[in-house]
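This report looks at how side chains pair and pack in one protein model. Please keep the sequence and the structure in view while reading.

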Amino acid sequence: MATPEPLIRPPLQRRSQESLERVLQAGLEVLQEQGVEGFTLQEVSHRAGVSIGSIYARVASREALIMAIYERAMAWTEEQDQIRRDGVRKDLTPSERIETIVIDMANDMLGHADVLRVFMRQAPLNPEIWERG
């Protein structure tokens with residue numbers, strides 16, 4: 001079975017890595033402010049201070065960039081690590097452990113509500129986001 005092509009062709013040089021970082025951050029901001037419907041590579045390019053051509057040098061399409069932003073946005077680990085730690089705490093009863101994990105997960109989602117909101121709205125329209133969600 002063939003390995004799927006990565007969503008982003010990774011840069012090797014530091015300056016290119018910094019540009020990609022700006023593109024991903026600008027893309028997230030555009031998604032948060034305007035949703036998928038208002039997401040344009042032109043706006044991302046303008047906010048990131050890079051050319052559209054340099055974006056296309058890293059991603060195959062607008063949709064691939066949106067999915068790369070999705071993957072990055074969903075990869076927060078600090079909160080997930082806390083949930084794992086609370087899941088094995090020996091100082092809690094099973095009932096207390098479940099309650100603690102639920103509170104951790106609720107706080108996690110509330111803390112990332114601005115990002116989750118964008119992709120939750122998109123999930124019914126995008127089978128890949130739906131499947132991953």
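What follows covers the salt bridges, the aromatic pair, the nonpolar core and one helix of this predicted model.

**Salt bridges**

Side chains of opposite charge can pair when their charged atoms come close. The model contains 7 salt bridges. The table lists three of them, including the distance between N and O atoms.

| Salt bridge | N to O distance |
|---|---|
| Glu21 and Arg72 | 2.5 Å |
| Arg47 and Glu33 | 2.6 Å |
| Asp91 and Arg89 | 2.7 Å |

The salt bridge between Glu21 and Arg72 links distant parts of the chain: Glu21 belongs to helix H1 (residues 14–34) and Arg72 to helix H4 (residues 62–73), with their positions 51 residues apart in sequence. Glu21 is partly exposed at 37% relative accessible area, and Arg72 is also partly exposed, at 36%.

Arg47 pairs with Glu33. Because Arg47 lies in helix H2 (residues 41–48) and Glu33 in helix H1, this salt bridge ties together parts that are 14 residues apart in sequence. Arg47 is partly exposed, with 29% relative accessibility, whereas Glu33 is exposed at 52%.

In the pair of Asp91 and Arg89, Asp91 is exposed, with a relative accessibility of 54%, and Arg89 is partly exposed at 29%. Elsewhere, salt bridges with shared partners connect Glu33, Glu43 and Arg47 in one network.

**The aromatic pair**

How many aromatic pairs does the structure hold? There is 1. The ring centres of Tyr70 and Phe119 are 4.9 Å apart and the ring planes stand at 75°, so the pair is edge-to-face; the cut-off for that class is an angle over 60 degrees. Tyr70 is in helix H4 and Phe119 in helix H7 (residues 113–122), so this pair ties together parts 49 residues apart in sequence. Tyr70 is buried, with a relative accessible area of 7%, and Phe119 is buried at 3%.

**The nonpolar core**

The largest nonpolar core comprises 28 residues. Phe39, Val44, Ile55, Leu65, Ile69 and Phe119 have the most contacts inside this core. Two or more core residues come from each of H1, H2, H4 and H7, and H4 supplies the largest share, with 8 residues. Phe119 thus appears both in the aromatic pair and among the core residues with the most contacts.

Val44 is in contact with Val23, Ala26, Gly27, Val30, Phe39, Ile55 and Leu65, leaving aside residues up to four places away in sequence.

**Helix H2**

Which residues of H2 are buried? They are Leu41, Val44, Ser45 and Ala48. These four cover an arc of only 100° around the axis, which means that they lie on the same side of H2. An α-helix has 3.6 residues a turn, so residues three or four places apart point the same way.

The buried residues of H2 are covered by elements that include H1, helix H3 (52–56) and H4. On the face turned away from the buried side, H2 carries the exposed residues Gln42 and His46. Gly49 follows H2 and has a positive phi, near 70°.

H2 thus contributes to the largest nonpolar core and also holds Arg47, the partner of Glu33 in H1.

Key: Residues numbered from 1 in each chain as written. Predicted model: local features only at pLDDT ≥ 70, side-chain atom pairs only at ≥ 80, totals over all residues. Heavy atoms only, no water. Salt bridge = Lys/Arg side-chain N within 4 Å of Asp/Glu carboxyl O. Buried < 20%, exposed > 50% of the residue type's maximum accessible area, 1.4 Å probe, protein only. Phe/Tyr/Trp six-rings, centres within 6.5 Å; stacked < 30°, edge-to-face > 60°. Core = buried A, V, L, I, M, F, W, Y, C linked by side-chain atoms within 4.5 Å. Contact = heavy atoms within 4.5 Å. Arc of directions from axis to C-beta.
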